[in-house]
Amino acid sequence: MSPRRYLWGPLSGLGAVIAIMVFAIDRVHKWAMLGPYDIAGHGRVEVAPFLDLVMVWNRGVSYGLFQQDSDTGRFVLVAVNAAAALALWVWLARVDRRLTAVSIGLVIGGAVGNAVDRAFYGAVADFFHFHAFGWSWYVFNLADVAIVAGVAGLLYESLVDSHKRAPKPD
């Protein structure tokens with residue numbers, strides 16, 4: 001298999017467009033929140049009874065796990081993130097279903113957006129805090145939303161649509 005075929009498939013363009021859109025939206029949102037809006041200067045901003053805008057720098061991975069305060073730890077997480085994005089890209093080159101391509105594009109765009117934060121700031125900028133009835137969800141950003149939506153699409157396709165592709169019993 002040629003390197004071009006290995007890295008580009010029939011739906012790679014769709015996945016790339018989705019990834020670029022997610023990345024661009026995430027970067028513009030983070031720029032606005034950190035710059036012109038200055039969320040750090042505003043502190044906690046109540047948007048709804050269940051949603052606040054806050055400023056949290058996440059030095060770890062999901063849910064703040066594996067906190068990294070050193071440059072070495074930070075760049076290890078960036079490298080793991082880059083390797084995951086590359087593996088997802090290789091997978092994208094092999095898919096033949098639009099939902100899979102869109103879902104992988106969402107995950108790649110969100111992962112790269114968070115990796116850029118980690119590389120430049122040493123942590124990922126998170127802003128949205130859902131809470132209700134004494135229950136508090138973790139603080140997240142738009143890249144995280146894209147990653148979760150992409151994973152949900154992949155799970156949906158693997159669990160719900162898999163019966164359509166499964167061989168019929170004799």
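**Reading the fold of a predicted chain**

Modeller: The protein chain contains seven helices and four strands; helices (H or I, at least four residues) and strands (E, at least two) are DSSP runs numbered from the N terminus. The structure is a predicted model, in which local features need pLDDT of at least 70, side-chain atom pairs count only at pLDDT 80 or more, and totals for chains, interfaces and linings use all residues. Residues are numbered from 1 along each chain as its sequence is written, and side-chain values use heavy atoms, with hydrogens and water left out.

Biologist: In what order do the elements of the protein chain run from the N terminus on?

Modeller: The order is α-α-α-β-β-α-α-β-β-α-α.

Biologist: How should one read the sheet, and in what order do the four strands stand?

Modeller: Strands of a sheet pair through backbone hydrogen bonds, either parallel or antiparallel. Here two strands pair if DSSP finds at least two bridges between them. The four strands form an open sheet ordered β1-β2-β3-β4, with antiparallel pairing. Because β1 (45-48) and β4 (135-140) each have a single partner strand, they stand at the edges, and one side of each is left without a neighbour in the sheet. From one strand to the next, the twist averages 35 degrees.

Biologist: How many bridges join β3 to β4, and which residues stand opposite each other?

Modeller: Four bridges join β3 (residues 124-132) to the antiparallel β4. A132 faces W135 of β4 across the pairing, and H131 stands opposite S136. The two strands form a hairpin with two residues between them, and F133 in the turn has a positive phi of about 55 degrees.

Biologist: Which helix lies across β2 and β3?

Modeller: Helix α5 (residues 98-121) lies across β2 (51-58) and β3, at about 120 degrees to β3. Axes are lines fitted to C-alpha atoms, for helices over the stretch in contact (heavy atoms within 4.5 Å); angles run from 0 to 180 degrees between N-to-C directions.

Biologist: At what angle do α2 and α6 cross, and how is that angle read?

Modeller: Angles under 35 degrees count as roughly parallel, over 145 as roughly antiparallel, 65 to 115 as roughly perpendicular and the rest as oblique. The axes of α2 (residues 12-34) and α6 (residues 142-159) come within 8 Å and cross at roughly 155 degrees, so α2 is roughly antiparallel to α6. V22, I25, D26, H29 and K30 of α2 make the contact with L142, A143 and A146 of α6.

Biologist: What share of the chain is buried?

Modeller: Of the 170 residues, 41% are buried, that is, under 20% relative accessible area (exposed is over 50%, partly exposed in between; 1.4 Å probe, protein chains only).
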